[in-house]
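Please look through the chain shown below with its sequence alongside. The paragraphs after it walk through the sheet and then the helices.

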Amino acid sequence: MTIVDADCLAETLAFNEKFAAAAANRPARGAAPSAETLARLRRNRLGGDTPPVRLPRGRDRVVDGVPVRVFVPDRVDGVYLHLHGGSWAFGSAAGQDERLWRLATQTRLAVVSVDYRLAPEHPFPAGPDDCATAAHWLVRNAGAEFGSERLLIGGESAGAHLSVLTLLRLRDRHGVTGAFRAAHLLFGPYDLSMTPSQRNFGARPLLSNTESLRGSYALFVPGMGEEQRRAPEVSPLYADLAGLPPARISVGTEDPLLDDSLFLAARWQAAGAPVQLDVVAGAMHGFTLFPLTVTEREHRRERDFLASA
């Protein structure tokens, strides 16, 4: 484990305090977001109050029945399967065109972002099914479609969780291992029965807290008790991780999902794959959505990892 960006700690913590202070003017998500709150979250970009920007370089497609958004730079040296965040209930493949297009051009990767079905209309296993379907399509067709069979996978928050589930489903349901050369996992929840850091974080009004996590799980896996949520197909922290590719795992010290990344990194490495674990000093959940020095650095580390994997 490496603690990074300690030199930015004052700026990062000051932003956290500013964000928390502004919470009084934001509709609370709480343990059960209202239909109005959910509609607002789906309408606007993640972490913001305005709709996302759609770029003309993004192309909407449907692969094996699953909608995806594709960004293809002039030169393609690989393909990155991206799974967006949003608590499995909001966010979209078209929700961060500017970042994904910049990632595509700087890493020379075609980016395929999956528009998986969202809870509560489509609870587990709908979202994981869609992600696995898109991944299996890519395994079979990447060479013909993009001119490269060098595949990578990753995502943020719920997207990081779905990335791990996708690798496990490819292995267990299709016998596919080694197709994806690396995984990039950013502040994901890997134990939906709740790790200690999730349970103990409390009500501090940052982007995510104990109650908002409980609300997300109630939407994504409704009716499941704590023991059921520990099933490996739901919480990958409890899965056999053998055969998975090298990974980079990143999380902030002020994230209720801190333990999830620490525990997953230990289990991933114990299963035999290299892991780079970066813990960002002072960063809250979803910090990369905001204009911070740590955001710029995290995006640079992401690009370097994906370009060299």
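Which residue in E7 is the bridge partner of Gly-155? In this predicted model, the partner of Gly-155 in E7 is Leu-185. Gly-155 also has a partner on another strand, since in E6 the bridge partner of Leu-83 is Gly-155. These pairings are a convenient way into the sheet.

The sheet is open and has nine strands, in the order E1-E9-E8-E7-E6-E4-E5-E3-E2, and its pairing is mixed. Strand E1 (2–4) and strand E2 (59–63) are at the edges with a single partner strand each, so one side of each has no neighbour in the sheet. On average, neighbouring strands of this sheet are turned by 25° against each other, direction ignored. As background, strands of a sheet pair through backbone hydrogen bonds, and the pairing is either parallel or antiparallel.

Strand E6 covers residues 151–156 and pairs with E7 in the parallel sense, over six bridges. Within this pairing, Leu-152 stands opposite Ala-182 in E7. Strand E4 (residues 78–83) is joined to E6 by five bridges, and these two strands also run parallel. On the further side of E7, strand E8 (residues 247–254) pairs with E7 in the parallel sense over four bridges. There, Ala-183 has Ala-247 in E8 as its bridge partner.

How many of the residues of E6 are buried? Six of the six are, so E6 is largely enclosed by the rest of the structure. Here the cut-off matters: a residue counts as buried under 20% relative accessible area. Both faces of E6 are covered, with Leu-151, Ile-153 and Gly-155 buried on one side and Leu-152, Gly-154 and Glu-156 buried on the other. Strand E7 (residues 180–186) has six of its seven residues buried, so E7 too is largely enclosed by the rest of the structure. The connection between these strands involves helix H5 (residues 158–174): E6, H5 and E7 make a right-handed β-α-β unit.

An antiparallel pairing occurs elsewhere in the sheet. Strand E3 (residues 66–71) and strand E5 (residues 109–114) pair in the antiparallel sense over four bridges. In this pairing, Arg-69 has Ser-113 in E5 as its bridge partner.

The helices come next. In helix H2 (residues 35–43), the buried residues are Thr-37, Leu-38, Arg-40 and Leu-41. Seen down the axis of H2, these buried residues fall within an arc of 160°, so they line one face of the helix. An α-helix has 3.6 residues a turn, so residues three or four places apart point the same way. The face of H2 turned away from the buried side carries the exposed residues Ala-35 and Glu-36.

Two packed helices are described by the angle between their axes and the distance between the axes. Helix H3 (residues 97–107) and helix H10 (residues 293–308) pack at an angle of about 45°, and their axes are 10 Å apart. H3 and H10 are therefore oblique to each other, and their crossing is right-handed.

One residue of helix H9 (residues 258–270) remains to be placed, namely Ala-266. Is Ala-266 buried or exposed? With a relative accessibility of 48%, Ala-266 counts as partly exposed. Ala-266 and Met-1 are 265 residues apart along the chain, and their C-alpha atoms are separated by 9.5 Å.

Key:
Residues numbered from 1 in each chain as written. Predicted model: local features only at pLDDT ≥ 70, side-chain atom pairs only at ≥ 80, totals over all residues. Heavy atoms only, no water. Buried < 20%, exposed > 50% of the residue type's maximum accessible area, 1.4 Å probe, protein only. Arc of directions from axis to C-beta. Pairing = 2+ DSSP bridges. Right-handed = clockwise from strand over helix to strand, strands pointing away. Axes fitted to C-alpha atoms, helices over the stretch in contact; angles between N-to-C directions. Parallel < 35°, antiparallel > 145°, perpendicular 65-115°, else oblique. Left-handed = near helix turned anticlockwise from the far one by under 90°.
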